[in-house]
Each structure stands twice: as structure tokens, then as C-alpha cells.
Amino acid sequence: MKKILVVHGPNLQLLGEREVSVYGKVTLKQINEALEKEAGVLGVELEILQSNHEGAIVDRIGNARREFSGVLINPAAYTHTSVAIRDALAACGLPAVEVHLSHIYKREDFRQHSMTAPACVAQVTGFGKNSYLLGLRGLVGYASKTKPIHSSKKIVKKALIARKRK
Ligand code: DQA
């Protein structure tokens with residue numbers, strides 16, 4: 001079964017209490033439950049990480065290559081600042097989709113630039129909890145049409161072994 005890594009960035013553990021006028025009353029637990037339900041429908045398995053630490057996020061994405069078929073990420077404030085997370089996404093070779101609860105292009109100037117989106121295949125912004133669900137759906141569809149770098153290497157290796165046997 002395909003596995004998807006879901007990453008929630010800093011302060012998202014406070015959803016439901018934090019800036020309710022911007023992010024609504026939905027909690028991270030409710031988002032994760034909705035994601036698990038959607039994953040069941042799509043036939044994929046999720047590993048979910050929330051971290052307030054840039055290095056922890058970089059470490060997990062860096063190790064994701066062999067285990068996962070894609071990354072669904074809300075980098076939160078790191079969206080606007082983190083070259084390290086952008087580079088980790090680019091380096092892992094997995095398709096990634098960036099999601100945001102709020103419409104970042106309608107907010108303060110500093111939020112209107114995403115450092116991380118260019119390392120992703122798509123971005124979904126402004127639909128609240130549904131940004132995650134739409135992002136997951138899009139990512140799974142995309143990942144099923146493309147082969148991650150490690151699996152295409154495996155295919156080449158298998159083909160070489162088969163050729164040697166002949
Ligand atoms: C956010 C938008 C970011 O600008 C902000 O720093 C967040 C949440 C969103 O989901 O709308 O923490 O990523």
C-alpha cells in the first residue's frame with residue numbers, strides 16, 4: 001500500500017484556539033481524523049508529523065525517500081522563510097503538495113511568497129480543512145501516475161538482473 005508522509009509545521013498544534021478568525025475552530029486532531037478517513041477511501045496509509053522545529057522536519061523529509069510515495073505538507077510559517085525545507089523537498093525526489101488553511105495570497109505581504117511551493121507539484125490554499133483533503137487527493141492521483149526516483153532505480157536494477165539471467 002502506498003504511504004504518504006503528512007507534515008504539519010509550527011504552531012499548527014494550536015489550531016482551534018489560535019487566531020480563530022483566520023484559521024477557524026477546526027483542531028489538528030479533526031484535520032488528522034479527516035485525513036485518515038480520506039486515506040482509507042483512497043487506499044493509502046499515512047504517517048503524520050507535527051513539529052515546531054525546522055530541523056526535525058528537514059530530517060523526516062530527508063529520510064522519506066525510500067518509505068513514501070509522496071509528501072503532503074503545511075509548512076506553516078516556514079513556508080515563507082525556509083530554504084532548508086525547500087531543499088529537503090527537492091532533494092527527497094518525492095512529489096509534494098503544499099497546503100494552507102488560509103488564502104496566503106490575500107494576507108500580509110510577507111505571507112504572499114512561498115519559499116517551499118516551487119519544490120512542490122502543486123499548492124492548495126484557502127479552503128480550510130478541505131485544503132488538506134483536496135491536497136491529499138491530488139497528491140495520490142499524481143503519485144499513482146509517476147514513479148518515485150527510488151522505485152524507478154529498483155525497476156532498472158530488476159531489469160539488469162533479468163537480462164544477466166538470460
Ligand atoms: C498557514 C499560513 C502561514 O502563513 C502561517 O504562518 C501558518 C498557517 C495556513 O495554513 O494558512 O501558520 O500555513
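Biologist: Is I73 buried or exposed?
Modeller: Count the C-beta atoms, placed from the backbone, within 10 Å of a residue's own: 20 or more others means buried, 12 or fewer exposed, and in between partly exposed. I73 has 28 others within 10 Å, so I73 is buried.

Biologist: What kind of model is this?
Modeller: Residues are numbered from 1 along each chain, as its sequence is written. Local features need pLDDT of at least 70, side-chain atom pairs count only at pLDDT 80 or more, and totals for chains, interfaces and linings use all residues, because the model is predicted.

Biologist: Where does I73 sit, and which residues are in contact with I73, leaving aside neighbours within four places in sequence?
Modeller: I73 belongs to strand β3. Strands are DSSP E runs of at least two residues, and helices are H or I runs of at least four, numbered from the N terminus. Contact requires C-beta atoms, placed from the backbone, within 7 Å. Beyond those sequence neighbours, the contacts of I73 are V7, A96 and E98.

Biologist: Which residue of β3 stands opposite V7?
Modeller: Strands pair if DSSP finds at least two bridges between them. β1 and β3 run parallel, joined by five bridges. Opposite V7 in β3 stands I73.

Biologist: How many bridges link β1 and β2?
Modeller: Five of the six residues of β1 are buried. V6 stands opposite I48 in β2. β1 and β2 (residues 45-50) pair in the parallel sense, and the bridges number six.

Biologist: Which element gives the largest share of the largest nonpolar core?
Modeller: Such a core is a set of buried Ala, Val, Leu, Ile, Met, Phe, Trp, Tyr and Cys residues joined through C-beta atoms within 7 Å. It has 38 residues here; I4, I61, V71, L72, L89, A96 and L136 touch the most other members. Elements giving two or more residues include β1 (3-8), β3 (70-74) and α5 (129-145). The largest share, six residues, comes from α5.

Biologist: How many charged residues are in the shell around the ligand?
Modeller: A residue is near the ligand if its C-beta atom, placed from the backbone, lies within 6 Å of it. Around the ligand are N11, N74, A76, A77, T79, H100, L101, S102, I104 and R111. Ala, Val, Leu, Ile, Met, Phe, Trp, Tyr, Cys and Pro count as nonpolar, Asp, Glu, Lys and Arg as charged, and the others, Gly among them, as polar. The shell divides into four nonpolar, five polar and, for charged, one.

Definitions and conventions. Contact = placed C-beta atoms within 7 Å.
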